[in-house]
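Morning, everyone. I will take one structure today and go through the core, the pockets, the strands and a few single residues. Please have the viewer open.

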Amino acid sequence: MRCGFLFALALASLCSFASAQEATKFAVADGKLEFKAPAGWTKKTPKVRIIEVEYEVPAAKGDELAGRMTVMGAGGTVEANIDRWIGQFDQPGGGDSKDKAKIEKLKVGGQDVQWVDVAGTYKDNPAPFAGGKPVLRENYRMLAAIVQTKDAGNYFLKFYGPKATVTENEKAFRDLVDSMQVK
């Protein structure tokens, strides 16, 4: 009888641990777009008001800083935003970041998505609209997706941080983008 009780207790503990490790749903665009954030990513209060959702992504072994994933709606053309993101990176030894960036067109949830992958020295501007001086962060990488919707406008999902952290979480971020449900 005692073995059965211990087994049931262990099973209940395992089930509660598994549910704590499940992805977390979040919505943007007044609920028109829904995504699933990976287990282990921590939802944060956005650093600036224009960001609707922000997550901290645990640092990979050896990285001092965590990654940051943000979601926001914004204006401007897709091309102008991609150019701006690429312009936030310098290449070691010179060279053009645009030549190093990878841009891919996808379809997710019936929507057009532009996928951007760029790495180098990131010009991190903690207060982008306050004219602050950027902090140069070597060996950084950004993965970003621009979701183009008819009803909700364009939505930007950006994940950046130390290169090892982003690389370790690349599949998780891609799964997040692929989880998009249009309501």
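Leaving aside neighbours within four places in sequence, which residues is M69 in contact with? Keep in mind that this is a predicted model. With those neighbours set aside, the contacts of M69 are F26, W41, V53, E54, Y55, V57, K158, F159, F173 and L176.

M69 belongs to the largest nonpolar core, a set of 28 residues. Within that set, the members that touch the most others are F26, V28, M69, L157 and F173. The biggest contribution to this core comes from helix α5, residues 170–178, which gives four residues. There is also a second core, separate from it, with 17 residues, among them M72, V116, Y122 and I146.

Now the overall numbers. The protein has five helices and 11 strands. Of its 183 residues, 38% are buried. If you take contacts between residues at least 6 apart in sequence, 53% of them join residues at least 24 apart.

Next, the pockets. The largest pocket holds about 770 Å³ of space. Which residues lie nearest the centre of the largest pocket? They are R68, Y122, D124, N125 and Y160, out of 30 lining residues. Several elements give two or more residues to that lining: strands β4 (53–57), β5 (67–73), β8 (111–124), β9 (135–149) and β10 (153–162), together with helix α2 (78–87). By class, the lining of the largest pocket splits into 15 nonpolar, 10 charged and five polar residues. Y122 turns up twice here: as a member of the second core, and as one of the residues nearest the centre of the largest pocket.

The second largest pocket has a volume of about 200 Å³. Its lining consists of 15 residues, and Q91, A119, G120, Y140 and K163 are the closest to the centre. Two elements, β8 and β9, give two or more residues to that lining. The top contributor is β8, with five residues. In the lining of the second largest pocket, six residues are charged, five nonpolar and four polar.

On to the strands, starting with β4. Why does β4 count as largely enclosed by the rest of the structure? Because four of its five residues are buried. On one pairing, β4 runs antiparallel to strand β3, residues 42–44, with three bridges joining them. There, K44 stands opposite E54 of β4. On another pairing, β4 and β5 are also antiparallel, joined by five bridges. In that case E56 has R68 of β5 as its bridge partner. R68 is a residue we have already met, as one of those nearest the centre of the largest pocket.

There is also an open sheet of three strands, ordered β1-β2-β11, with antiparallel pairing. The edges are β1 (24–28) and β11 (181–182), each of which pairs on one side only. Strand β2, residues 33–37, is joined to β11 by two bridges. One bridge pair to look for is E34 with Q181 in β11.

Now some single residues. Is N169 buried or exposed? N169 has a relative accessibility of 11%, so it counts as buried, the limit being under 20%. Its position is the loop between α4 (163–168) and α5. Not counting residues up to four places away in sequence, N169 touches W41, V57, P58 and F159. The V57 contact spans 112 residues in sequence, and the C-alpha atoms of the two are 8.0 Å apart. W41, V57 and F159 also appear among the contacts of M69.

Last, two backbone angles. Most residues other than glycine have a negative phi. D30, which is not a glycine, has a positive phi of about 55 degrees. D30 sits in the loop between β1 and β2. Its relative accessibility is 79%, so D30 counts as exposed. N139 is the other case, with a positive phi of about 60 degrees, and again not a glycine. N139 is placed in strand β9 rather than in a loop. At 52% relative accessibility, N139 counts as exposed, the cut-off being over 50%.

That is the tour.

How values were computed. Residues numbered from 1 in each chain as written. Predicted model: local features only at pLDDT ≥ 70, side-chain atom pairs only at ≥ 80, totals over all residues. Heavy atoms only, no water. Core = buried A, V, L, I, M, F, W, Y, C linked by side-chain atoms within 4.5 Å. Buried < 20%, exposed > 50% of the residue type's maximum accessible area, 1.4 Å probe, protein only. Contact = heavy atoms within 4.5 Å. 1 Å grid on protein atoms, 1.4 Å probe; cavity = no way out; pocket = protein on both sides within 12 Å on 5 of 7 lines; lining within 4 Å. Points joined across faces, edges and corners; volume = space filled by probe spheres on them. Nonpolar A, V, L, I, M, F, W, Y, C, P; charged D, E, K, R; others polar. Pairing = 2+ DSSP bridges.
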